[in-house]
Amino acid sequence: TWNVWGRFGDRWLRRQRAIAETVRGQRPDFVALQETWSSDAGAQTGQLGLELGMTPVFAPSRMPPDPDPGVQLGLGILSRFPLRDVEQHPLSDGTVALRAEIRLGTDSLHFITSCLDWEEDHQQQRREGQGEDHCVLAAQEAEQLDPEPDAVVLASGGNAAAGRQARGIQPLPMPARAVATSKCRVARDCWTTAQADRRTQS
């Protein structure tokens, strides 16, 4: 999962090339993108999908406004496997979650991405409501599957560091309604995991 920072800054074209090179080098099966851009000329997900041989999906969501009024920011998914179904789920305060059912042979992966509010002055209660919305969505997806369920992955941008305050935004607890289902597993923070991996390899 990667917040690609839209087209902000004067080096966004260089950043676009770096994103493509990084994904090509890592060869992930699935990528969740936040603050990915779309315009009348095309979408970042479409360009990346074409260049990397991956299936792209884009959904507009409430994001920081781009300086260009013709550019819409939102969520994206890239997959090396065929998609069975794509849905947008409205969350609170104008945000959405993007869900793609990805075909893996006879099984499926239900891949969900979303992004919490970014402003430093947003109330913690609002962000907690958004966090609860998308965690509960993942739990409900798991509950609706067969007795031998396919996997459900929630890859979201939380706009806060794990376990500590970041830029005035508090980290979020896992909602009780999501934890209540036996099929729900708490996800690890990607930044924390990556830092631990680097310490292990050094």
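This text walks through one predicted protein model, from its overall make-up to a helix pair, an aromatic cluster and two buried threonines.

Start with the whole chain. The protein chain has 202 residues, and buried residues make up 42% of them. Its secondary structure comes to five helices and nine strands. Read from the N terminus, the elements follow the order β-α-β-β-α-β-β-β-β-β-α-β-α-α. Now look at the contacts with a sequence separation of 6 or more. Of these, 61% join residues that are 24 or more positions apart.

Turn next to the helices. Helix α1 covers residues 12-26, and helix α2 covers residues 44-52. The two pack at an angle of about 45°, and their axes are 11 Å apart. That angle makes α1 oblique to α2. The crossing of α1 and α2 is right-handed. Which residues make the contact? On the α1 side they are Gln16, Ile19, Ala20, Val23 and Arg24. On the α2 side they are Gln44, Gln47, Leu48, Glu51 and Leu52. By character, the residues of this contact divide into five nonpolar, three polar and two charged.

Stay with α2 for one more residue. Thr45 is found in this helix. Is Thr45 buried or exposed? Its relative accessibility is 2%, so Thr45 counts as buried; the cut-off is under 20%. Setting aside residues up to four places away in sequence, Thr45 touches Leu33, Thr36, Pro56, Val57, Phe58, Gly76 and Leu78.

Now the aromatic rings. A pair of aromatic rings is described by the distance of the centres and the angle of the planes. The structure holds four aromatic pairs. One of them joins Phe30 and Phe81. Their ring centres are 5.9 Å apart and their planes meet at 40°, so the pair is tilted. This pair links distant parts of the chain. Phe30 sits in strand β2 (residues 30-39), whereas Phe81 is in the loop between β5 (72-79) and β6 (83-90). The two residues are 51 residues apart. Phe30 counts as partly exposed because its relative accessibility is 22%. Phe81, at 29%, also counts as partly exposed.

Phe30 has a second partner. With Phe111 it forms another tilted aromatic pair, at 5.8 Å centre to centre and 40° between the planes. Phe111 lies in strand β8 (residues 107-113) and Phe30 in strand β2, so this pair ties together parts that are 81 residues apart in sequence. Phe111 is buried, with a relative accessible area of 6%. Taken together, Phe30, Phe81 and Phe111 form one aromatic cluster.

Strand β8 leads to the last stop. Thr113 lies in this strand. How much relative accessible area does Thr113 have? The value is 0%, so Thr113 is buried. Thr113 and Ala32 are 81 residues apart in sequence, yet their C-alpha atoms are 6.0 Å apart in space. Ala32 is also among the contacts of Thr113 once neighbours within four places in sequence are left aside. The others are Leu33, Gln34, Leu75, Gly76, Ile77, Val96, Ala97, Leu98, Ala155 and Ser156. Two of these names have come up before: Leu33 and Gly76 are in contact with Thr113, and Leu33 and Gly76 are touched by Thr45 as well.

How values were computed: Residues are numbered from 1 along each chain as its sequence is written. This is a predicted model: local features need pLDDT of at least 70, side-chain atom pairs count only at pLDDT 80 or more; totals for chains, interfaces and linings use all residues. Side-chain values use heavy atoms; hydrogens and water are left out. Axes are lines fitted to C-alpha atoms, for helices over the stretch in contact, and angles run from 0 to 180 degrees between N-to-C directions. Helices (H or I, at least four residues) and strands (E, at least two) are DSSP runs, numbered from the N terminus. Angles under 35 degrees count as roughly parallel, over 145 as roughly antiparallel, 65 to 115 as roughly perpendicular and the rest as oblique. A crossing is left-handed if the near helix is turned anticlockwise from the far one by less than a right angle, and right-handed if clockwise. Contact means heavy atoms within 4.5 Å. Ala, Val, Leu, Ile, Met, Phe, Trp, Tyr, Cys and Pro count as nonpolar, Asp, Glu, Lys and Arg as charged, and the others, Gly among them, as polar. Rings of Phe, Tyr and Trp (its six-membered ring) pair if their centres lie within 6.5 Å; planes under 30 degrees apart count as stacked, over 60 as edge-to-face and the rest as tilted. Buried means under 20% relative accessible area, exposed over 50%, partly exposed in between (1.4 Å probe, protein chains only).
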